[in-house]
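Me: I would like to learn how to read the features of a protein model one at a time, with the general idea set out before each case. Could we work through one together?

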Amino acid sequence: MSTSRLGMTRIVAGESQTPKRRRALEVALAVGLVLLISVGAIVASAVARDSNASAAPDAAGTPAAELKLGYFGNITHAPALVGVKQGFIAKELGGTKLSTQVFNAGPAAIEALNAGAIDATYIGPNPAINSFVKSKGESISIIAGAASGGAQLVVKPEIKTAADLKGKTLASPQLGGTQDVALRAWLGKQGYETNTDGGGDVAINPTENAQTLKLFQDGKLDGAWLPEPWASRLVLQAGAKVLVDEKDLWDGSLTGKPGEFPTTILIVNKKFAAEHPQTVEALLKGHVEAVKWLNDTPAAEKAAVVNAALKQDAGKALAQNVIDRSLKNIVFTVDPLAGTYKKLLQDGVNAGTTKQADLNGLFDLRALNAVATEKTTAAGLGQD
C-alpha cells in the first residue's frame with residue numbers, strides 16, 4: 001500500500017487485505033447512510049403530506065373574522081332587514097363580526113361584491129346572472145332565495161293598456177337590474193323596441209326609487225316597474241294604477257309554483273365561500289330563521305318590525321297602508337326558484353343588458369339544504 005501525492009490510499013498486488021476490508025466497511029457505511037437519508041426523506045415527505053392534508057380542512061373551515069353583508073332598504077329584502085335587526089344572523093355568526101351596507105339597486109351591490117367591499121349580498125337575480133356571465137362563473141354563487149313577487153308596473157291612470165305606452169317615459173331602479181330587465185322584456189313582447197341609452201318606442205330612464213316617486217308626482221314620468229314598497233307608494237301616495245303585476249306573467253311551468261318568481265336572492269363571493277364555508281353556513285342559518293320568522297309572525301307584528309328596520313336604514317317609516325299592501329304582495333322563501341333562470345338570462349339577452357351564456361355552476365345550495373327543512377333544487381344549474 002502506498003500513499004499518492006493527493007493523499008489517497010492505493011492498493012497494490014501482494015499487499016495486506018486489511019485496507020480492502022476497511023474499504024468494504026466504508027462503502028457499506030456510505031450505502032447505509034444513503035439509505036437512511038432516503039428513508040428519512042420519504043418519512044418526512046409522508047408526514048408533511050399528512051400534515052398538509054389535515055391542515056387544509058382547518059384552513060378552509062376557519063370562520064371569517066368579519067362578514068360584510070349587503071342588502072337594500074326594500075320590503076322585498078325583509079329577510080335581510082329582519083335577519084340583521086332581530087339579531088338572527090349575528091347570533092349564528094358567533095365570533096364573526098357582522099358589518100352591513102345598504103344599496104339602492106343590484107348593479108351597485110355587485111360592484112361592491114366584486115371589489116371585495118362586501119362578501120355576500122341580498123340582490124335581484126339579474127345582476128347576479130350578469131356577474132356570473134361576465135366572470136365566466138368565477139365571481140359569485142347563489143346560495144338561497146329570499147323573496148318572490150312584489151314587483152309591478154304602475155302607471156298614470158289614463159294609461160289603460162300596453163298600446164297606450166308608445167312614446168311614454170317609464171322608470172326602473174337601475175339599468176340591468178331585475179325590474180329593468182323585466183320591464184324591457186315585457187315591452188319587447190308587446191312589440192316595442194327599447195334601447196339601453198333611453199331611446200326606442202318607449203323611453204326607459206333608470207332612476208333611484210325615491211326620485212322615481214317624486215318625478216311621478218311631478219308629472220315627469222308616465223310609470224315605473226318597481227319592487228315593493230315603491231310600487232305601493234306610487235299607487236297609494238301618487239295616484240298610480242297597476243298595469244302589470246309580474247306574478248301574473250309566471251304560470252309555474254318552470255318551477256311548479258304558479259305566480260312565484262325570484263325577486264330577491266342571497267349570493268356570496270365564491271372565493272370567500274371557499275375560504276370560510278363555516279361562516280357561509282352560519283349566515284344561511286340566520287337567513288333561514290329570518291324567513292321562518294316572517295312566515296310565522298302575525299301580520300301586525302311583522303309589519304311593525306319590518307317598518308322599524310326600514311326607518312333605521314332609510315330614515316323614515318312607511319305609512320301603515322303602504323307596508324300592509326307591500327307585505328301582501330310578497331312570498332318569503334329560501335327557494336331561489338332556479339328553474340326560472342334560463343328565462344331570466346334570455347330576458348336579459350333580449351333586453352341588451354347581458355350576453356348568452358352557460359349558467360351551469362350558478363347555484364351552490366348544499367349548505368342551504370344542510371340547514372333548511374325545505375329542500376331546494378338547482379334545476380341542473382349547480383350543486384344542491
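Reply: Let us begin with strand pairing, where one looks for the bridges between two strands and for the sense in which they run; in this predicted model, strand 8 and strand 10 run parallel and are joined by two bridges. Within that pairing, Ala171 has Ala224 of strand 10 as its bridge partner.

Me: With which other strand does strand 8 pair, and in which sense, parallel or antiparallel?

Reply: Strand 8 also pairs with strand 9, residues 203-206, in the parallel sense and over four bridges, and here Ser172 has Pro206 of strand 9 as its bridge partner.

Me: Are the residues of strand 8 buried or exposed?

Reply: For a strand, one reads the two faces separately. Thr169 and Ala171 point to one side and Leu170 and Ser172 to the other, and all four are buried, with the result that both faces of strand 8 are covered.

Me: Which helix makes a β-α-β unit with strand 8 and strand 9, and what is its handedness?

Reply: The helix is helix 6, and the unit that strand 8, helix 6 and strand 9 make is right-handed. Helix 6 has twelve residues and spans 17 Å from its first C-alpha to its last, close to the 16 Å expected at 1.5 Å a residue. After the helix comes Gly191, which has a positive phi, near 95°.

Me: How many residues of helix 6 are buried?

Reply: Ten of the twelve are buried, so helix 6 is largely enclosed by the rest of the structure; among the buried residues are Val181, Leu183, Arg184 and Trp186.

Me: How should I read contacts between aromatic rings, and how many aromatic pairs are there?

Reply: One reads the distance between ring centres together with the angle between the ring planes, and by this rule there are three aromatic pairs. One of them joins Trp186 and Trp225, whose centres lie 6.2 Å apart with 55° between the planes, an arrangement that counts as tilted. Trp186 belongs to helix 6 and Trp225 to strand 10, residues 223-227, so this pair ties together parts that are 39 residues apart in sequence. Trp186 is buried, at 10% relative accessibility, and Trp225 is buried too, at 0%.

Another pair, Tyr341 with Phe363, is edge-to-face, at 4.9 Å centre to centre and with 90° between the planes. Tyr341 lies in helix 13 and Phe363 in strand 14, so the contact ties together parts 22 residues apart in sequence. Tyr341 and Phe363 are both buried.

Me: Which residue lies over the face of Trp250?

Reply: That residue is Lys343, which sits at 4.6 Å from the ring centre.

Me: How should I read salt bridges, and how many does a search of the whole structure find?

Reply: The general idea is that side chains of opposite charge can pair when their charged atoms come close. The search finds 14 salt bridges, and it helps to ask of each one which parts of the chain it links and how exposed its residues are.

Take Glu289 and Lys91, whose closest N and O atoms are 3.2 Å apart. Glu289 lies in helix 10 and Lys91 in helix 3, 198 residues apart, and the pair therefore links distant parts of the chain. Glu289 counts as partly exposed, at 26% relative accessibility, whereas Lys91 is exposed, with a relative accessible area of 51%.

Me: Where do the partners Asp222 and Lys156 lie?

Reply: Their side chains meet in a salt bridge at 3.3 Å, N to O. Asp222 is in the loop between helix 7 and strand 10, and Lys156 in the loop between strand 7 and strand 8, 66 residues apart. Asp222 is buried, with a relative accessible area of 13%, and Lys156 also counts as buried, at 16%.

Me: How far apart in sequence are Glu275 and Lys271?

Reply: An α-helix has 3.6 residues a turn, so residues three or four places apart point the same way. Glu275 and Lys271 both lie in helix 9, four residues apart, which is about one turn of the helix, and the closest N and O atoms of their salt bridge are 2.6 Å apart. Glu275 is partly exposed, at 34% relative accessibility, and Lys271 is exposed, at 55%.

Me: Which residues are linked in a network of salt bridges?

Reply: The network links Lys257, Asp335 and Glu374.

Terms used:
Residues are numbered from 1 along each chain as its sequence is written. This is a predicted model: local features need pLDDT of at least 70, side-chain atom pairs count only at pLDDT 80 or more; totals for chains, interfaces and linings use all residues. Side-chain values use heavy atoms; hydrogens and water are left out. Rings of Phe, Tyr and Trp (its six-membered ring) pair if their centres lie within 6.5 Å; planes under 30 degrees apart count as stacked, over 60 as edge-to-face and the rest as tilted. Buried means under 20% relative accessible area, exposed over 50%, partly exposed in between (1.4 Å probe, protein chains only). A charge sits over a ring if NZ of Lys or CZ of Arg is within 6 Å of the ring centre and within 35 degrees of the ring normal. A salt bridge is a side-chain nitrogen of Lys or Arg within 4 Å of a carboxyl oxygen of Asp or Glu. The expected span of a helix is 1.5 Å times one less than its number of residues. Two strands pair if DSSP finds at least two bridges between them. A crossover is right-handed if, with the strands pointing away from the viewer, the path from the first strand over the helix to the second runs clockwise.
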